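Visitor: Please walk me through this one, starting with a pair of helices. Keep it brisk.

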Amino acid sequence: MDELVINLGRKIRYYRNRQGLTLKDLANQIGVTPSLLSQIEHGKASPSLATLKSIADVFDIPVGIMFEMNSRPTPSPLIKKNTFKKIMTEGNVMHSLLSPGFDDFEMFINEFPPNAATGESPYSHEGIECGYLLKGSLVIEVDGVEYKMEEGDSVIFESYRPHRVTNPGNQPAIGVWVGSVPWIFKTQ
């Protein structure tokens, strides 16, 4: 029974993340508390059949899929261009998530309008970042040293080192970034 409950929780978390929903979003849609939903996702509580049916309805999947004993569901791997979860962060930078449903890494597109920056001052967090600039130019500051990044350049650094990214130019800059530890789109 424990394995079934753990598997149900994993699938619920997978589908919730894939649809870009927070615990609170899904809990509100199905009429339970975020706390209960968190317990279900972590295999610490068993959902009622009615709750499970409500969850499956939100995800638009048959409830039976929740009982299949594979560790990760296998929906289409394609994510359509108009469905990316987007976040505008401090400094006017738009981030579009390319890897929903995965807790192991975070891949996203960064769009820096002219004069945009990742913030007023450098910041740090867990993991390693790697970026590839598709268009424009950026200034990457790591440990107080600035590096000019041109179209076609890549960058990699440990994210615990204080860093900041700016677009001081008058043209937009667009890059693809990967974080080894999710944090921009990390859900509660």
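Guide: H1 and H4 are roughly parallel to each other, because angles under 35 degrees count as such, over 145 as roughly antiparallel, 65 to 115 as roughly perpendicular and the rest as oblique. This is a predicted model, where local features need pLDDT of at least 70, side-chain atom pairs count only at pLDDT 80 or more, and totals for chains, interfaces and linings use all residues. Residues are numbered from 1 along each chain as its sequence is written, and side-chain values use heavy atoms, with hydrogens and water left out.

Visitor: At roughly what angle do the axes of H1 and H4 cross?

Guide: Axes are lines fitted to C-alpha atoms, for helices over the stretch in contact, and angles run from 0 to 180 degrees between N-to-C directions. The axes of H1 and H4 come within 10 Å. They cross at roughly 30 degrees.

Visitor: Which residues of H1 and H4 make the contact?

Guide: Contact means heavy atoms within 4.5 Å. H1 brings Leu8, Ile12, Tyr15 and Arg16. H4 brings Leu52, Ile55 and Phe59.

Visitor: Which elements give two or more residues to the largest nonpolar core?

Guide: A nonpolar core is a set of buried Ala, Val, Leu, Ile, Met, Phe, Trp, Tyr and Cys residues joined through side-chain atoms within 4.5 Å. Buried means under 20% relative accessible area, exposed over 50%, partly exposed in between (1.4 Å probe, protein chains only). The largest core has 19 residues, and those with the most contacts inside it are Ile12, Leu26, Leu37, Ile55, Phe59 and Met66. The elements that give two or more residues are helices H1 (2-18), H2 (23-30), H3 (34-41) and H4 (49-59).

Visitor: How many residues are in the second, separate core?

Guide: Phe112, Ala116, Met149 and Ala173 are among its members. The count for this second core is 17 residues.

Visitor: What is the secondary structure of the protein, in helices and strands?

Guide: Helices (H or I, at least four residues) and strands (E, at least two) are DSSP runs, numbered from the N terminus. Along the sequence the pattern reads α-α-α-α-β-β-β-β-β-β-β-β-β. That comes to four helices and nine strands.

Visitor: Is serine 96 buried or exposed?

Guide: Serine 96 sits in strand S2. Leaving aside neighbours within four places in sequence, its contacts include Phe84, Met107, Phe108, Ile109 and Phe185. Its relative accessibility is 2%, so serine 96 counts as buried.

Visitor: Which residue's side chain has a polar contact of 3.0 Å with serine 96?

Guide: A polar contact is a pair of N or O atoms within 3.5 Å; within protein, one must be able to donate a hydrogen and the other to accept it, and residues adjacent in sequence count only if both atoms are side-chain atoms. The side chain that joins serine 96 in this way belongs to lysine 86.

Visitor: Which side chain does aspartate 143 join through a polar contact?

Guide: Aspartate 143 lies in the loop between strands S5 (137-142) and S6 (145-150). It is partly exposed, because its relative accessibility is 43%. Beyond four places in sequence, aspartate 143 touches Arg161 and Pro162. The polar contact, at 2.7 Å, is with arginine 161.

Visitor: What is the phi of aspartate 60?

Guide: Aspartate 60 is in the loop between H4 and strand S1 (86-89). With a relative accessible area of 70%, aspartate 60 is exposed. Its phi is positive in a residue other than glycine, near 60 degrees.
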